[in-house]
Amino acid sequence: MISKLDSVLLPQKKFIYHYKNMRWARGRHETYLCFVVKRRNGPDSHSFDFGHLRNRSGCHVELLFLRYLRALCPGLWGFGSSDGRRLSYSITWFCSWSPCANCSFALSQFLTQTPNLRLRIFVSRLYYCDMEDSLEREGLRMLKKAGVQLTVMSYKDYFYCWQTFVARKQSNFKAWDDLHQNSVRLARKLTRILQPSEIEDLRDAFKLLGF
């Protein structure tokens, strides 16, 4: 399974360093991706695998994850299942950075070809999304159109990751300063990015009203 590639749990300091949702995350040039894979059986699902990955040999972690999907999701394309059926899977990512434009475009194209795969992405920070016309913003909107549920990580998501992916040695997760405030700020920013048309409609309405 893919989890054997990064079978060692994340050290506490490494998790906090890479996932801290600080406003200016200088020096954090890698993206870490913690994942949970579940096989869906109608309304029910059960865990199948979990683990974590990071960028390797110049390959972004999102694309690296796709390389191992055949091992992670046997039956996704009808191969590996006992009766040849295409099985359905639900995958959840917890990423230290949101995907770059190229990864977003590649993921969107891939997901249109695999309707039996559902992807949720929780992000700690937004990657190059400050500019209104950035390709990264457009990439996130493409992911949403492809059916991806995009969410900014909150305290409960950090707590879950700490319990699941970190070598915590029974220690409890302690929120850093401004975790909640930064999470709220980033969540509002992501909402604005994913709903640009509604924002533009409001701006036009304000202009008509003379504001």
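1. Let me start with a loop. Lys-169 sits in the stretch between helix H6 (155-165) and H7. Its phi is positive, about 50°, although Lys-169 is not a glycine. With a relative accessible area of 75%, Lys-169 counts as exposed, because the cut-off for that label is over 50%. Keep in mind throughout that this is a predicted model.

2. Tyr-128 also deserves a look. This residue has a positive phi, near 50°, and again is something other than glycine. You'll find Tyr-128 in the loop between E4 and helix H5 (135-145). Its relative accessible area is 61%, so Tyr-128 is exposed. Tyr-128 turns up again at the largest pocket, as one of the residues that lie nearest its centre.

3. On that pocket: about 680 Å³ of space lies in it, and no other pocket is larger. The lining takes in 28 residues, and those nearest the centre are Ala-25, Trp-97, Leu-126, Tyr-127 and Tyr-128. Which helix gives the most to this lining? That would be H7 (residues 179-194), with 3 residues.

4. Now the overall layout. There are 8 helices and 5 strands in the chain. In sequence order they run α-β-β-α-α-β-α-β-α-β-α-α-α. Of the contacts with a separation of 6 or more, 72% are between residues 24 or more positions apart. Of the 211 residues, 44% are buried. The chain exposes about 12,100 Å², and 53% of that comes from carbon and sulfur atoms.

5. How far does the predictor trust all this? Mean pLDDT for the chain is 87, and 83% of the residues reach 70 or more. Among the elements, strand E5 (residues 149-152) has the highest mean, 98, and helix H8 (residues 196-209) the lowest, 52. Residues 1-5 have pLDDT below 50, and in the model this stretch makes 13 contacts beyond near neighbours in sequence. I'd read both H8 and residues 1-5 with those values in mind.

6. Next, the interior. The largest nonpolar core has 35 residues, and Phe-65, Ile-91, Trp-93 and Ile-121 have the most contacts inside it. Take Phe-65: leaving out residues up to four places away in sequence, Phe-65 touches Leu-33, Phe-35, Val-37, Leu-53, Leu-72, Ile-91 and Trp-93. A separate core has 17 residues, including Tyr-32, Cys-34, Val-36 and Trp-176.

7. There is also an enclosed space to check. A search of the whole structure turns up 1 cavity of 30 Å³ or more, and the largest cavity holds about 40 Å³. Its lining consists of Phe-65, Leu-66, Leu-69, Ile-91, Trp-93, Leu-107, Phe-110, Leu-111, Leu-117 and Leu-119. Two or more lining residues come from each of helix H2 (61-67), strand E3 (88-97), helix H4 (101-113) and strand E4 (117-125). H4 gives the most, with 3 residues. Phe-65, Ile-91 and Trp-93 from the previous point appear in this lining too.

8. Helix H4 also carries Phe-105. Is Phe-105 buried or partly exposed? Its relative accessible area is 25%, so Phe-105 is partly exposed. Setting aside neighbours within four places in sequence, Phe-105 is in contact with Leu-135, Glu-138, Gly-139 and Met-142. Ala-146 is 41 residues from Phe-105 along the chain, and their C-alpha atoms are separated by 9.9 Å.

9. Just along from there, Thr-114 has its place in the loop between H4 and E4. Despite the loop setting, Thr-114 is buried, because its relative accessible area is 1% and the cut-off is under 20%. Beyond residues up to four places away in sequence, Thr-114 touches Trp-77 and Arg-86.

10. Last one: Ser-88, in strand E3. Its relative accessibility is 23%, so Ser-88 counts as partly exposed. Neighbours within four places aside, the contacts of Ser-88 are Lys-38, Arg-39, Arg-40 and Asn-116. Ser-88 and Asn-116 are 28 residues apart in sequence, yet 4.7 Å apart in space, C-alpha to C-alpha.

Technical notes: Residues numbered from 1 in each chain as written. Predicted model: local features only at pLDDT ≥ 70, side-chain atom pairs only at ≥ 80, totals over all residues. Heavy atoms only, no water. Core = buried A, V, L, I, M, F, W, Y, C linked by side-chain atoms within 4.5 Å. Buried < 20%, exposed > 50% of the residue type's maximum accessible area, 1.4 Å probe, protein only. Contact = heavy atoms within 4.5 Å. Helix = DSSP H or I, 4+ residues; strand = E, 2+ residues; numbered from the N terminus. Areas by Shrake-Rupley, 256 points an atom, 1.4 Å probe, with all protein chains shown as cover. pLDDT = per-residue confidence, 0-100. 1 Å grid on protein atoms, 1.4 Å probe; cavity = no way out; pocket = protein on both sides within 12 Å on 5 of 7 lines; lining within 4 Å. Points joined across faces, edges and corners; volume = space filled by probe spheres on them.
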